[in-house]
Amino acid sequence: MESAIFACPAAWKPLLPIDVKIVSGAAALAERSWDLVALTPDGLRMAEAIRCRLLLAPGECGVLSQIQAERVVTYGLSPRDSLTLSSLQAPVLCVQRTLPRLDGGVIEPQELPLSNLPFPAEELLPLLGLRLLQMPLETAGKL
C-alpha cells in the first residue's frame with residue numbers, strides 16, 4: 001500500500017506510521033497514483049493535482065478540481081466532517097460515519113479517547129486520521 005502525507009510538519013515525523021511517505025513538493029505528489037493521501041491544511045493550499053484511492057482532507061476543502069479520489073474522508077471540527085473531536089478538554093476522536101479502509105474493511109462510527117498527545121488534538125487530526133485508516137482493525141481503538 002502506497003500512503004503519503006503532504007506538507008507534514010517536521011515535528012510529526014516520529015509519529016507517522018513507518019510506511020507512510022512524506023511528500024513535500026506538489027510535483028512529487030502529482031507524479032504517481034497513491035492508495036492513501038493525507039492532506040494537512042497547508043498541504044491542501046499547496047496541492048495542485050492528486051490521484052488516489054482514498055483521500056483524507058480538511059473538511060473545509062470545498063471542491064477539489066485537480067484531485068481524483070475514489071473516496072474522500074474529511075476531518076475537522078464541524079459536525080459534517082467524518083472525523084472530528086467530540087471533546088477538546090479530554091480529547092476524544094469521533095468517527096461520525098462508517099469509513100472505508102483500503103483492505104476492503106470499514107471503521108464503524110465510534111469514539112476513541114485520546115491521551116498523552118504531544119500537540120493539541122485539533123492540530124493532530126490529519127495524523128490521527130491517517131493512523132486510524134492504516135492500522136489493523138484489532139488495534140484501531142488504541143490510537
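**Two cores and a kinked helix**

Let's start inside. The largest nonpolar core has 28 residues. Those with the most contacts inside it are Ile-5, Leu-56, Leu-83, Leu-93, Leu-99, Leu-130 and Leu-132. Keep in mind that this is a predicted model.

Which strands and helix each supply at least two residues of this core? Five strands do: S3 (33-39), S4 (50-58), S5 (67-75), S6 (83-87) and S7 (92-95). Helix H3 (121-134) does so too. In fact, H3 gives the most, with eight residues. There is also a second, separate core. That one has 14 residues, including Ala-4, Leu-29, Leu-44 and Leu-55. As a general point, nonpolar side chains tend to be buried together in soluble globular proteins.

Now, back to H3. Is this helix mostly covered or mostly uncovered? Mostly covered: eleven of its 14 residues are buried. Among them are Ala-121, Leu-124, Leu-125, Pro-126 and Leu-127. Further along, Gly-129, Leu-130 and Gln-134 are buried as well.

Next, the length of H3. At 1.5 Å a residue, its 14 residues should span 20 Å. The end C-alpha atoms of H3 are 19 Å apart, so the two values agree. But what about a kink, and where is it centred? H3 has a kink of about 40°, and Leu-127 is at its centre. Leu-127 is also one of the buried residues of H3.

Last, the rings. How many aromatic pairs does the structure hold? Zero. One ring does have a charged partner, though: Arg-32 lies over the face of Trp-34. The distance from the ring centre is 4.4 Å.

Definitions and conventions:
Residues numbered from 1 in each chain as written. Predicted model: local features only at pLDDT ≥ 70, side-chain atom pairs only at ≥ 80, totals over all residues. Heavy atoms only, no water. Core = buried A, V, L, I, M, F, W, Y, C linked by side-chain atoms within 4.5 Å. Buried < 20%, exposed > 50% of the residue type's maximum accessible area, 1.4 Å probe, protein only. Helix = DSSP H or I, 4+ residues; strand = E, 2+ residues; numbered from the N terminus. Phe/Tyr/Trp six-rings, centres within 6.5 Å; stacked < 30°, edge-to-face > 60°. Lys NZ or Arg CZ within 6 Å of the ring centre and 35° of its normal. Expected span 1.5 Å × (residues − 1). Bend = angle between axes of the 7 residues up to and from the residue.
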